[in-house]
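Hi,

Here is the structure I promised to pass on. Have a look at it first, and my notes follow underneath.

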Amino acid sequence: MQKGKIGVTTENIFPIIKKFLYSDHEIFLREIISNAVDATQKLKTLASVGEFKGELGDLTIKVSVDKKAKTITVSDRGIGMTAEEIDKYLNQIAFSGAEEFVEKYKNQANGIIGHFGLGFYSSFMVSDKVEVITRSFRDGASAVKWECDGNPEFSLEDAPRQDRGTDIVLHVSADSEEFLEESRIETLLTKYCKFLPIPIAFGTEKEWKDGKEVETGKANIINDTNPLWTRKPADLNDEDYAKFYHDLYPVAEEPLFNIHLNVDYPFNLTGVLYFPRIKSNFDIQKNKIQLYCNQVYVTDSVEGIVPEFLTLLHGVIDSPDIPLNVSRSYLQSDGNVKKISSHVTKKVADRLNDIFKNDRAQFEKKWDDLKLFITFGMITDEKFYERAEKFALLKSTSGKYFTLEEYQTLIKDSQTDKNKTLIYLYTTNQEEQYSYIEAAKNKGYDVILMDGQLDPHFINHMESKLKDSRFVRVDSDVVDKLIVKEDRKELSLAAEEQSQLRSVFEGVLPEKQHYWVSFEELGENAQPVVITQSEFMRRMKDMSAMNQMASIYGNMPNSLNLVVNASHPLVKSVIEQKNSTLSAQLAGISNEEQPLKKRVEELDAKLKDKKDEEVAQADKDERADLEKKLDEVDSKRTSILKDFGKDYKLVKQLVDLALLSNNMLKGEDLSQFVKRSVELIKP
Ligand code: ADP
């Protein structure tokens, strides 16, 4: 028997490795099995070039657990190792690999992903002792047994083994006994080894017989050695893709489309990506793209490897060219990774464009499900935006879909304002903003639906992209002012009349909310009273709510506009009623007011060119007194007008109707409205 010390300077590196990879102990199984797969594939290669002339036979790799002996054994029939090879690969290379790893990461325990880089030695994370019993495929090679208990000391001796290949026997340590549970090993095999290219057997298949589960004697193969992404697209049909998706995500809904990726230059990458139906945020977090390296599962967190919006996709990416044992920030700056990222983006955009071009009907049908993904991509990825511009759709409230270009053509003539700005009218809720949408449509405008989660961002983004274009929500102003085509006409309502009417309406406005009362001539067929909120104010408030930022806009009261349609017959009748009911009272107030105003004018004329210090105190006092009296008169008038508004049911009714059509009339106010309506209808 030969004894030796492995050539590393670090006294005992295993405790350090254990600490580094604490959360990732389970990867030992992947590492050991990957090595067995490599050894088997090497043998197949040698056979194919004629260097190995023997029988390949059954190449299945066997994994077994002996709970009593507390061992896990992985056996392969690959190339095996001679004593010299053990010395070279395990004693020198593998150990130095482990040492290098520790050296590299000793100051950044959190920065590592913990995938690969450790290989064989990761088995010491879960073992007190590891035995390797191996026999090289070479003619005349004898079998050897290597043993190591984790200190850099090993023993090597001859061993009885007839067959070529390697058994790795892990003597599981007390703190890792969870790995002696069959179910745990089964879970790990499913996670890491499901698509390895050499069959892996774990125990035997069981079946139900006479109400009992019995062994069938047939090896239980846990993997699919030819997963879908390794096959040629020409050999696959829709069902194959659907089945594979189902294997990956058993409970997810059927996906919308798939993309088969296959690149071999300038980097190697294969994979199949699916566009999922995203129903909720929960779905987004649950199912993820899986990253493989030569069919070995690596991770399902692909952030940094594909652009963020592509992480919404499902499926598999397999590439030996992605460096795996480096930190995320390094990954993002890696040239290869960048190329992979932009290639995948391009492929995804191309695929969408193909479907759009070849089967627009299908594309439109799936648009609502695709929209979140595509808008996310357009907002966050410039390259994707450039491609998506051609197939991104706008959905009109009429139910039709338009590309950006088609839509511009559609609205160019009717929705360009006097400053040559193209106005995109949109709604965020077709039900709640129904009356505004109708008003816009009656005016010959089109309204698009922007009710998606990302639409506020998307709108901002589009405004920065499209020249001379603006998005305006359909309820942000009265229809005539949504798209201003010419300078405004003077209102026929005199200023005096407007001010009186404003007080009448203010008498009945809800107290909880501030309204600016204004007047427009919207025509007899428009609503008598309309409530609007300025696009600017609403966006500022929406944005600050989204950013959870206590900005000045967020703290501002929600100010709305109450627009009174002065040309509506009902409003005219309010004016008439006010004038006939209040004429005597208003005239009285006017009589009181006239002399005061006249005196103010006289005083102002007298004091016009004087500086403040030249004005006599008596004049100053009189001026102040007049102001006070005028204020009193004015508030007397205001309160008369407000009282009139309160008493005259029609005014309250008009305001309530406007509130009602915005879904803003609730509770007691609503029930009062119903009662009042019945009274008004009564014959
Ligand atoms: P890596 O697999 O990254 O090269 P490892 O530390 O996992 O590093 O393994 C070191 C070397 O030991 C391998 O390159 C291989 O030559 C040899 N080896 C490991 N396991 C086996 C096996 N089951 N059969 C044959 N050779 C093996």
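**Strands, salt bridges and a lone aspartate**

S5 and strand S6 (residues 153-158) run antiparallel and are joined by five bridges. Across that pairing, Trp146 sits opposite Leu156 in S6. S5 also pairs with strand S4 (residues 127-135), again antiparallel and over five bridges, and there Glu131 faces Glu147 of S5. Strand S5 itself (residues 144-148) has two faces: Val144, Trp146 and Cys148 make up the covered one, while Lys145 and Glu147 are on the uncovered one.

Before going further, keep in mind that this is a predicted model. As for the overall picture, the chain has 21 helices and 22 strands, and 47% of its 683 residues count as buried. Of the contacts between residues at least 6 apart in sequence, 71% join residues at least 24 apart.

On to the charges. There are 42 salt bridges in the structure, and three caught my eye:

- Lys191 and Glu26 meet at 2.9 Å, N to O. Lys191 is in helix H4 (residues 182-193) and Glu26 in the loop between helices H1 (14-20) and H2 (27-48), so this pair ties together parts 165 residues apart in sequence. Lys191 is partly exposed, at 38% relative accessible area, whereas Glu26 is buried, at 12%.
- Lys395 and Asp368 meet at 3.0 Å, N to O. This one links strand S15 (residues 393-395), home of Lys395, with helix H9 (residues 360-380), where Asp368 lies, 27 residues apart. Lys395 counts as partly exposed at 23% relative accessibility, and Asp368 is partly exposed too, at 44%.
- Lys371 and Asp455 meet at 2.8 Å, N to O. Lys371 is in helix H9 and Asp455 in helix H13 (residues 455-465), so the pair ties together parts 84 residues apart in sequence. Both Lys371 and Asp455 are buried.

Shared partners also join Glu26, Glu178, Arg184 and Lys191 into one salt-bridge network.

So what is the nearest side chain of opposite charge to Asp446? That would be Lys441, 6.5 Å away, and Asp446 is buried yet has no salt bridge. Asp446 is in the loop between helix H12 (434-442) and strand S18 (447-449). Its side chain does make a polar contact with that of Ser396, at 3.0 Å. Beyond its neighbours within four places in sequence, Asp446 touches residues including Ser398, Tyr407, Leu410 and Gln415.

One last check, on helix H20 (residues 649-660): at 1.5 Å a residue its 12 residues should span 16 Å, and the end C-alpha atoms are 16 Å apart, which agrees. Buried residues in H20 include Leu650, Leu654 and Ala658.

Cheers

Methods:
Residues are numbered from 1 along each chain as its sequence is written. This is a predicted model: local features need pLDDT of at least 70, side-chain atom pairs count only at pLDDT 80 or more; totals for chains, interfaces and linings use all residues. Side-chain values use heavy atoms; hydrogens and water are left out. Helices (H or I, at least four residues) and strands (E, at least two) are DSSP runs, numbered from the N terminus. Buried means under 20% relative accessible area, exposed over 50%, partly exposed in between (1.4 Å probe, protein chains only). Lys and Arg count as positive and Asp and Glu as negative; His and the chain ends are not counted. A salt bridge is a side-chain nitrogen of Lys or Arg within 4 Å of a carboxyl oxygen of Asp or Glu. A polar contact is a pair of N or O atoms within 3.5 Å; within protein, one must be able to donate a hydrogen and the other to accept it, and residues adjacent in sequence count only if both atoms are side-chain atoms. Contact means heavy atoms within 4.5 Å. The expected span of a helix is 1.5 Å times one less than its number of residues. Two strands pair if DSSP finds at least two bridges between them.
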